[in-house]
Amino acid sequence: MLQGRRVLLAVTGGVAAYKSAYLARLLVEAGADVEVILTDSSQAFIGPQTFAAIVGRHPHTDLFHGHSVSPHTDLARWCELVVVAPATASTMGKIANGISSNLLTATVLATEVPVLFAPAMHTEMWEHPATQRNLSTLRSDGHHFVGPASGALAGGDAGIGRMAEPEQIMEAIAGILGGSDGSLRVLVTAGGTREPLDPVRFLGNRSSGKMGHAIADEAARRGYQVTLVTASDLAVVPSVKVVEVETAAEMLEAVSGIEADVAIMAAAVADFRPARSGDEKISRSEGLSSIELEPTPDVLASVIDRENRPYVVGFAAETGDLDRAVAKTMQKGVDLLVYNDVTEPGSGFGSDTNRVVIVDPEGNTDRWPLLGKREVAARLLDRVNADLSARG
Ligand code: CTP
C-alpha cells in the first residue's frame, strides 16, 4: 500500500507512544521507508531500541550531537509525509506558534510535505481554549488531523483525547499519500489578470491570488508536481514551478504549454480588455471619453477542449447567485466548480478565509463552513483525489 513511500514518524511524550511502535510496524509492513524522531519526553514512555528493531534504523533524537550538521532539514527534505503520533498539546502549541525547540519541531517547521497529527492528551487539555486555538491555527496552516477518539485515557480516566488507533492513522496516511505517487501533475491558475490601457494604467479586479496560491502550496506538500500560472506576486513553497503572467492572453499562452492531470483554475481572469493599448501614456489633455473593449481568451475553455483533457476545477466568484454557479458548472463542462459569494463576510477578495459551495456536474451542492483558505485547499484536493480514485 505504501511501497517505497518515505514516512517520518515523529513521537512526542504521551503514554500513547507505546502504540506508535505498532504504527511503525504497520508502516514497515505496508512497504514504507520509515525514519523515526523521538523527543526527550517520549523516551520516558518508550525507548529508541524498540523503534530501531522495528524499522531497522536508529531513531533520531538530537538536533545538535548527531552525525549530520543539519538533521532537521535533512529529514524535512527526505520525507514525503510526517506523522506526529502521539501529538501532545505542547508540541501542537509549539508548531502552531512556529517554535522550534527540538529536532521534531524544527523538522516539522522545515518541511514542505503534509504533516498529519494524531493528538493524544487528557480531555481537559484537549478542550482548553489554547489547544483549540492551536488546533485551528494548525488546520488553517494546512496540517492534517486524525482523532482524537473518546475512550480510556492515562491514569484510569476516560473521555475525548485518546490517540486514534494505529490502523486509523494508517488509513489517514494512505488518504493523504493516496493519489500522490509524486507523478500527479497539477496546474493551478491564480490571481487577477491586469489588462493594460497604456504603460501606466490597467483594467483589473480585486483578486489577491491567496486561494490559488494556497492550493499550489497544499498540492506541493502532498508531493504533486505543481505548476502555478499566476498574476499575483504572493510567495509559494519553492517546489512549486511558478510562471508569472499579467494578462489573460499571457495566461492562455503559459497554460497552453503545460501538461496536467488536474487543472485548478482559480484565477480571476478579466473577461474584457481594452481593444487598443498604446506604448505611450494617455495624457489628461488628450481626453478619453470611453474605452473600447474586446473579449479576452477563455483560458479554462482552452483546457477543457484539450484532446487529453485533465480533471478540471473551475471557480465562480459570484455575488450571491448559486443557481448561476450550478448552471455555469454544466455550461463550462468542468468536473467540479468552487462557488463563493464575494459579498459574504470572510469570503471576499483578499480575505484569509473562504466559505465555498462545491458544485458537481450533476448539480449536487456541498456547502462547506467558513474555513481558512489553506483548509479549503486541503479539502478540495481530498475531493479531487476521491473523484480520481473513483474513476480508477
Ligand atoms: N476563466 C478563464 N478565462 C477567462 C474567464 C474565466 O479561465 N477568460 C475561468 C476562471 O478562472 C474560473 C472560471 O473560468 O475558473 C469561471 O470564471 P467566471 O469569471 O466566473 O466565468 P465567466 O465565464 O467569465 O462568467 P461570468 O463573467 O458571466 O460570470
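Student: How do the residues of the shell around the ligand divide by kind?

Tutor: The shell holds 9 nonpolar, 2 polar and 5 charged residues. Ala, Val, Leu, Ile, Met, Phe, Trp, Tyr, Cys and Pro count as nonpolar, Asp, Glu, Lys and Arg as charged, and the others, Gly among them, as polar. The model is predicted: local features need pLDDT of at least 70, side-chain atom pairs count only at pLDDT 80 or more, and totals for chains, interfaces and linings use all residues. Residues are numbered from 1 along each chain as its sequence is written, and side-chain values use heavy atoms, with hydrogens and water left out.

Student: Which of the 16 residues around the ligand come nearest?

Tutor: They are M265, A267, R324, K328 and K332. A residue is near a molecule if one of its heavy atoms lies within 4 Å of it.

Student: Which elements each supply at least two residues of the shell?

Tutor: These are α11 (299-304), β16 (311-318) and α12 (322-332). Helices (H or I, at least four residues) and strands (E, at least two) are DSSP runs, numbered from the N terminus.

Student: What makes the approach of R324 to the ligand a polar contact?

Tutor: A polar contact is a pair of N or O atoms within 3.5 Å; within protein, one must be able to donate a hydrogen and the other to accept it, and residues adjacent in sequence count only if both atoms are side-chain atoms. A side-chain N or O atom of R324 lies 2.4 Å from an oxygen atom of the ligand, so the pair meets the cut-off. For K332 the corresponding distance is 2.5 Å, and for a polar side-chain atom of D271 it is 2.9 Å. The protein buries 79% of the 570 Å² that the ligand exposes when taken alone; such areas come from the Shrake-Rupley method with a 1.4 Å probe, and for residues only the protein chains shown count as cover.

Student: Why is V186 called buried?

Tutor: Buried means under 20% relative accessible area, exposed over 50%, partly exposed in between (1.4 Å probe, protein chains only). V186 has a value of 2%, and therefore counts as buried. V186 belongs to strand β8 (residues 185-190).

Student: Is T105 buried or exposed?

Tutor: T105 has 0% relative accessibility, so the residue is buried. T105 is part of helix α5 (residues 103-110), and its side chain makes a polar contact of 2.7 Å with that of N102.

Student: Where does P148 lie?

Tutor: P148 is in the loop between β5 (144-145) and β6 (149-152). The peptide bond from G147 to P148 is cis, with omega near 5°.
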